[in-house]
Amino acid sequence: MTSPTPHMTPDEFRQRGREMVELVARYWESLESLPINPAATGAIGAGDVARAFPAHAPESPGGTHDWDRLLADITEKVMPGLTHWQSPHFYGYFPCNASFPAMLAELLAAGLGQQGMLWSTSPACTELETRVLDWMGQLLDLPPAMRSTGTGGGVIHTTASEATLTAMVAARDRARRALRAANDPRAAAPHFTLYTSTQAHSSVIKAAMVAGLADSPEDRTHLRLVDVDSNQRLDPAHLARLINDDLNAGRVPFFVSATMGTTGTTAIDPLDQVAQGCSLSSGRSPDPNNPTSPIPWLHCDAAHAGACLICPEHRWMARGLSAFDSFCFNPHKWLLTNFDCDLFYVADRRALIDAMSITPEYLRNAASDAGKVFDYRDWQVPLGRRFRALKLWFVLRHYGAEGLRAHVREHIRLATLVETWIREDSRFELAAERTCNLVCFRLRAGDEPTRRLMDTLNAGGNLFLSHTALDTPEGKRFVIRMAIGATTTQERHVRQAWAWIREAADGL
Ligand SMILES: Cc1ncc(COP(=O)(O)O)c(C=O)c1O
């Protein structure tokens, strides 16, 4: 008896698979000429895409006969509603690099259909992940403790937001255990406090909300926002003062999130001074009146700029990282590995596993019970997990460390070029220190013309820019962000983009 479920046959899959690869290849060949953001150009309004699809799911199977119409729907209904993140002229947000080797690995991961929640549910999924994360730890020169051969190790999370939330939860658990172990009177009802700079990504505040440490983004019962200096870097002296004030009030500082490459301007927080501010460099408790007080967990959010560490000349950014408890960065931003792929490293895996592990009877197995294997479900919030290591492995095999360094270095060179052009045109000024591939600039004429310049360019569809607001001695100023990091962006694109920017400024 044949299956009542109308599956695609392997032969049909072969044929349709070739067509799909062709569709993707053609898309990439056409990217340069596509208007980048249909929302900004006005080509697409709210609800337009949804209205193109029926209100109800198909009842009868379309099967492979319907496949041609499905492909037509992709071209006619889906494509017009895409923002072309892979365009070489996408400069708006931090990039979201895709590459052909990573795409093929994604296909393979889907085809193999693994679910690697435990070592035993897919030893290859687990052990290849451990291996490539150790490779990346070496390539980025992360502290040896953050490797599986040390006391910690790395795991692939979906996003930096997930990593930061996980670090925060592990930090709270570690602090709670330390209070109890020390018979600290605060253990019964600890008032935990956490710290990050005013320039940190919103995911830190969101993590506090999810973890029950903030009722709203404005709630400061547990969360402290640390001032920044004129280069948007966390002020370690202010951090130390905030921690001291909380300790003096009997609260428990448990978590500090520093940023390597802030979203607004890619400012690099001084990790070594952050650690010093928490008294970690001397290995002492931050509370002189209470030597058993737990030391805050130090997390480094390097979601975007972490990619720079693959180049030795940028490793100054990580000075002080050896005092940190965790670090995360996204190869899915600027390192050619398709979304989603965040690498989350911890210096002490025990602290993470203690916080995240729960073993119902149905997940018990001999390998886990023997303690000889990593069960990555204990390193993350979800239980199930995809075979994401494949795409990172393919990227490393295809590009090699040299290829990845060339990618990062070229974009930084292009950002330096843009910076030079801005300096040479008296209508423009640089608005923030450039640390890697993000150039922040504005028109000297002021906020309103700067905003109009960006809106005009984005509405034209040739390129896509974004903005931020920066505190200056004259108050908050509107600043254009140009992040040069798309997979295929080359010098000719950046030259063309600058010509468009100048032309639009002429027309204001
Ligand atoms: C510094 C920083 N942290 C965190 C994030 C959030 O990244 P994700 O989408 O991986 O959660 C971003 C996004 O751009 C970021 O720039």
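**Ligand shell, core and backbone features of the predicted model**

The shell of residues around the ligand is made up of ten polar, three nonpolar and two charged residues. Of the 15 residues in this shell, the nearest to the ligand are Thr159, Ala160, Ser161, His201 and Ala303. The model described here is a predicted one, and the paragraphs below move from the ligand to the overall fold, the core, one strand and a few backbone details.

The protein chain folds into 16 helices and eleven strands. Its C-alpha trace extends over about 75 × 70 × 45 Å along the principal axes. What radius of gyration does the protein chain have, and what would a compact globule have? For 508 residues a compact globule would be expected near 23 Å, and the protein chain has 25 Å, so the two agree. Burial accounts for 44% of the 508 residues. Contacts that are distant in sequence are well represented: among those between residues at least 6 apart, 73% join residues at least 24 apart.

Turning to the interior, nonpolar side chains tend to be buried together in soluble globular proteins. In this model the largest nonpolar core holds 126 residues, and those touching the most other members are Tyr91, Met168, Leu194, Val274, Phe327 and Cys328. Helix 14, residues 389-424, supplies the largest share of this core, with 14 residues. Val274, one of the residues with the most core neighbours, gives a handy view of the packing. Beyond its neighbours within four places in sequence, Val274 is in contact with Leu234, Pro236, Leu239, Val256, Ala258, Asp269, Leu298 and Gly320.

Strand 9 offers a second place to look inside the protein. How many of the six residues of strand 9 (438-443) are buried? Six of the six are, and the strand is mostly covered. Leu438, Cys440 and Arg442 point to one side of strand 9, while Val439, Phe441 and Leu443 point to the other, with burial on both sides. Strand 9 runs antiparallel to strand 8 (residues 428-430), and three bridges join the two. In this pairing Phe428 sits opposite Leu443 of strand 9. Strand 9 also pairs with strand 11 (residues 475-483), again in the antiparallel sense, through four bridges. Here Leu438 faces Ala483 of strand 11. Leu438 and Leu443, which each have an opposite number in these pairings, are both among the buried residues of strand 9.

A few backbone details round off the picture. Most peptide bonds are trans, and most residues other than glycine have a negative phi. Against that background, the peptide bond between Phe339 and Asp340 is cis, with omega at about 5°. Asp340 belongs to the loop that links helix 11 (331-334) to strand 7 (342-346).

Two residues other than glycine, Asp141 and Asn183, have positive phi values, near 55° for Asp141 and about 50° for Asn183. Where do these residues lie? Asp141 is in the loop between helix 6 (123-139) and strand 1 (153-157), and Asn183 is in the loop between helix 7 (160-181) and strand 2 (192-197). Are they buried or exposed? Asp141 has 13 other C-beta atoms within 10 Å and is therefore partly exposed. Asn183 has 8 other C-beta atoms within 10 Å, so this residue counts as exposed.

Technical notes
Residues numbered from 1 in each chain as written. Predicted model: local features only at pLDDT ≥ 70, side-chain atom pairs only at ≥ 80, totals over all residues. Buried ≥ 20, exposed ≤ 12 C-beta atoms within 10 Å, placed from the backbone. Near = placed C-beta within 6 Å. Nonpolar A, V, L, I, M, F, W, Y, C, P; charged D, E, K, R; others polar. Core = buried A, V, L, I, M, F, W, Y, C linked by C-beta atoms within 7 Å. Contact = placed C-beta atoms within 7 Å. Rg over C-alpha atoms; globule rule 2.2 N^0.38 Å. Pairing = 2+ DSSP bridges.
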